[in-house]
Amino acid sequence: MDDLRRAGRSAVDLAVDHLAAVPGGPVWRPVAEADRSWLTRQPLPGAGRPLADLLHDVRDRILPYPMGNGHPRFFGWVNSPPSPAGVLVAPLAAAMNPSCAGGEHAGVLLERTVVRWLAELVDFPYQPGAGLLASGASVATVIAMATARQRAVRRQGHNVRETGLYGQRPLAIYASAEAHSCLRKAAELLGMGSRYIRTVPVDGAYRMETGALRRMITADREAGVRPFFVAASAGTVNTGTVDPLEEVAGIARECGLWFHIDGAYGALGILAEGARHLYAGLELADSLVLDPHKWLGVPVDAGCVLFRDPVGARDTFSLVPPYLRDDEADALGWFSEYGPEQTRPFRALRVWATISHLGREGIVRLVGRTTRLARTLAAMIEASDDFDLLAPAVTSVIAFRYRSVTLDPAATDALNQAIPAIVQGRGHAFLTGTRLSGTAALRACILHPETTEADLTALLDEIRTAVREATA
Ligand SMILES: *Cc1c(COP(=O)(O)O)cnc(C)c1O
């Protein structure tokens, strides 16, 4: 134990030194050949080594090569820096090392609280047992869609766990062209067949066109396909757009569809000043997915699915027959009865610590600040004569494009495609690209509490430098 105590103190110093050095270093750097070789080709050690030795390798070979998301000028994908509170308690969760499958211990009991807190933060009606943590939104979406699938098959008088989908008419899923790919992954995994995923077109602001949704549902009905699941986005990854949730909810109700919301990134955007009206209808979802490891900054991994009704997920996943359930002692049962994981990590501790440290007020400040910065970036882009803003600033993702006065459209497209890698390689900022309406776009996602307006200026300057490099 003395070994662990001594090395543990060094580990804390390493972690804090690392976090302190991140803003002054490159956002990202290529892995040196010798280190790449060490990272990928180490032989399995025969003899073991002392704990303190391991830290030297961590310091010299591992910490120098982060993904970049700890840095205030990291604007890529949707990846936040780790919350200090999450970093603080992560080793303690490992020290306890429970399986949060179920039972009577702190890990399980605390998960009930953080799931309720997450629901309260976004004003989702909470019912005990109607939600659980997962590795991320991808798995949370599998849990939600599997639950919806069981409800749809039950309505036909069958149990999908016994009969699978054999003998069923195809079940159709509706999501907009801007929906996250995790929906497709879930649909394919669950045997829904990607052929039955309907891609609903979006309007000029990249919001789901509800008129088209209605027409597609009707057309499927007429063709003998059963519409069963509609997924709206509360914060798309490309533009941060929120779909018209209330309208989608109305159509889902009218047509008997499961109403799912992907709020993995953007559900917390409801806390930004003046944003609440965009989220009207969020409370009507049958399932809502949100990722504490996105905007909230809980160290990876932490996803969450919330349900309107606590019974469905248990009906889908529980292997405990009702006659063995002890509803007196434990009415909600085990978390492992509500999803695919059996041994489950103590994610709740990182979520609890992060929310406890920030408080609701701190979270409102974080969301407000990053959303305002996104507006500022949008205004800077609109005021410039070499960038075009591609979508309104809704949450904290900005989609834009470098505009060239000399290049033709195809060359401009190629240039915009080339920009992210050049910017990343220079190490002063990090952004990623996407495709919007068939053309190459740049996107910047702002999640870091320390990002400033100066960092936004630096980002645009880095892009201009990348353009000069690419066209030289
Ligand atoms: C990140 C994200 C996902 C996928 O979530 P994971 O946590 O990576 O599994 C799904 N939808 C949206 C909108 C996201 O931002």
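In strand β11 (residues 439-445) of this predicted model, R443 is the bridge partner of T432. T432 belongs to strand β10 (residues 432-436), where T432, T434 and L436 form the covered face. The uncovered face of β10 consists of G433 and R435. The two strands run antiparallel and are joined by 5 bridges. Together β10 and β11 make a hairpin with 2 residues between them. In the turn, S437 has a positive phi of about 45 degrees.

A positive phi also appears just after helix α5, at D123, with a value of about 60 degrees. Helix α5 covers residues 106-121. Its 16 residues should span 22 Å at 1.5 Å a residue, and the end C-alpha atoms are 22 Å apart, so the expected and computed spans agree. The buried residues of α5 are G107, V108, L110, E111, R112, V114, V115, L118, A119 and L121. Among the elements that cover these buried residues are the strands β1 (131-134), β6 (287-290) and β7 (303-307), together with helix α12 (347-383).

Strand β6 also bounds the loop that holds L284, which lies between β5 (258-262) and β6. L284 and R253 are separated by 31 residues in sequence, while their C-alpha atoms are 9.5 Å apart in space. R253 is one of the residues that L284 touches. The table sets L284 beside T210, a residue of helix α9 (residues 210-222); contacts up to four places away in sequence are not counted for L284 or for T210.

| Residue | Relative accessibility | Class | Residues touched |
|---|---|---|---|
| L284 | 30% | partly exposed | A249, R253, F259, R308 |
| T210 | 13% | buried | P244, E247, V248, I251 |

The class of T210 follows from the cut-off: buried means under 20% relative accessible area, and T210 therefore counts as buried at 13%. L284, at 30%, counts as partly exposed, the class between under 20% and over 50%.

One helix pair remains to be described. Helix α2 (residues 33-41) and helix α3 (residues 51-62) have axes that come within 10 Å and cross at roughly 135 degrees. This crossing angle makes α2 oblique to α3. On the α2 side, the contact is made by A34, D35, W38 and L39. On the α3 side, D57, R61 and I62 take part. By residue class, the contact of α2 with α3 comprises 4 nonpolar and 3 charged residues, with no polar ones.

Definitions and conventions. Residues numbered from 1 in each chain as written. Predicted model: local features only at pLDDT ≥ 70, side-chain atom pairs only at ≥ 80, totals over all residues. Heavy atoms only, no water. Helix = DSSP H or I, 4+ residues; strand = E, 2+ residues; numbered from the N terminus. Expected span 1.5 Å × (residues − 1). Buried < 20%, exposed > 50% of the residue type's maximum accessible area, 1.4 Å probe, protein only. Contact = heavy atoms within 4.5 Å. Pairing = 2+ DSSP bridges. Axes fitted to C-alpha atoms, helices over the stretch in contact; angles between N-to-C directions. Parallel < 35°, antiparallel > 145°, perpendicular 65-115°, else oblique. Nonpolar A, V, L, I, M, F, W, Y, C, P; charged D, E, K, R; others polar.
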